[in-house]
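Welcome, and please open your viewer with the sequence panel alongside. We will go from stop to stop, selecting residues and looking around each one.

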Amino acid sequence: MFTADEMNKAMRIDGINKKVVPFHNSHLNVMDFRKQDLQIINGFINYNELTKNLNDNGLSFTGIANQKFVCCFGLVKIWEGNYEGWLLPSKDVGKNKFAFHRAALRFFTYAADKLNIHRIQMIVLISNDIAYKWAQKCYFTQEGLLREYGPDRSDYYMMSRLFNKKNKE
């Protein structure tokens, strides 16, 4: 789908001090995650198998700042025009959160344009206020509550962003 060079240009990050590279699930093994994100990661029985499926799919990337992995993110196609977005930030993203937030906005818009996406959805743990606020700042809207959705029966929000001629930004 997309190359790392293409994404660095589309997301307008310098490609040197801040860049994205193709995602590999081994990147997750060296990242330091926040408590809320560890809760999600540890809840998966087949976490390694799930993340292996994201390797080299051209829609999943790892953000690097000053030679540290700071986030992993991407899209998974559900069906034509509809994709699931995902993000796992490390504790190290904090110093670079504004640069990667702007890059994320550009990523969603670029992907929507190039792949003819009309909807990107994401699922956010209800107790993860940081993720919820970030999704809102990326123009995602809460659609509903997924009660007892998580592996530990925790509740999640379903959030979506629609792309059409009127709201591509």
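Start by selecting I120, which sits in strand β5, residues 119–125. Strands here are DSSP runs of E with at least two residues, helices are runs of H or I with at least four residues, and both are numbered from the N terminus. Before going further, note that this is a predicted model, where local features need pLDDT of at least 70 and side-chain atom pairs count only at pLDDT 80 or more, while totals for chains, interfaces and linings use all residues. Residues are numbered from 1 along each chain as its sequence is written, and side-chain values use heavy atoms, with hydrogens and water left out.

Is I120 buried or exposed? I120 counts as buried because its relative accessibility is 0%; buried means under 20% relative accessible area, exposed means over 50%, and partly exposed lies in between, using a 1.4 Å probe and protein chains only. Now show what surrounds I120: leaving aside neighbours within four places in sequence, its contacts (heavy atoms within 4.5 Å) include L75, Y83, G85, F108 and F140. Pick out G85 as well: its C-alpha atom is 6.2 Å from that of I120, although the two are 35 residues apart along the chain.

Next, stay with two of those neighbours and select F108 and F140. First, the wider picture: the whole structure has 10 aromatic pairs. Rings of Phe, Tyr and Trp (its six-membered ring) pair if their centres lie within 6.5 Å; planes under 30 degrees apart count as stacked, over 60 as edge-to-face and the rest as tilted. One of the pairs joins F23 and W86, which is edge-to-face because the planes stand at 80°, with ring centres 5.3 Å apart. F23 is in the loop between β1 (18–22) and α2 (35–43) and W86 is in strand β4, so this pair ties together parts 63 residues apart in sequence. Both F23 and W86 are buried.

Back at F108 and F140, the rings also form an edge-to-face pair, 5.3 Å centre to centre with 70° between the planes. F108 belongs to helix α4 and F140 to the loop between α5 (129–137) and β6 (141–146), so the pair ties together parts 32 residues apart in sequence. F108 and F140 are both buried. Add F61, F73, F107 and W134 to the selection, and you have a cluster linked with F108 and F140 by ring pairs.

Then turn to the largest pocket, which holds about 1,400 Å³ of space. A pocket is an open set of points on a 1 Å grid over the protein atoms alone, where a 1.4 Å probe fits, with protein on both sides within 12 Å along at least five of seven lines; lining residues have an atom within 4 Å of a point. Points are joined across faces, edges and corners, and the volume is the space filled by probe spheres set on them. Of its 44 lining residues, W86, L87, L88, P89 and I123 lie nearest the centre. Helix α4 gives the most to this lining, with seven residues.

For a last close-up, select N96, in the loop between β4 (82–89) and α4 (97–115). N96 counts as buried, because its relative accessibility is 7%. Not counting residues up to four places away in sequence, N96 touches K18, A65 and V70.

Finally, zoom out: the chain has five helices and seven strands.
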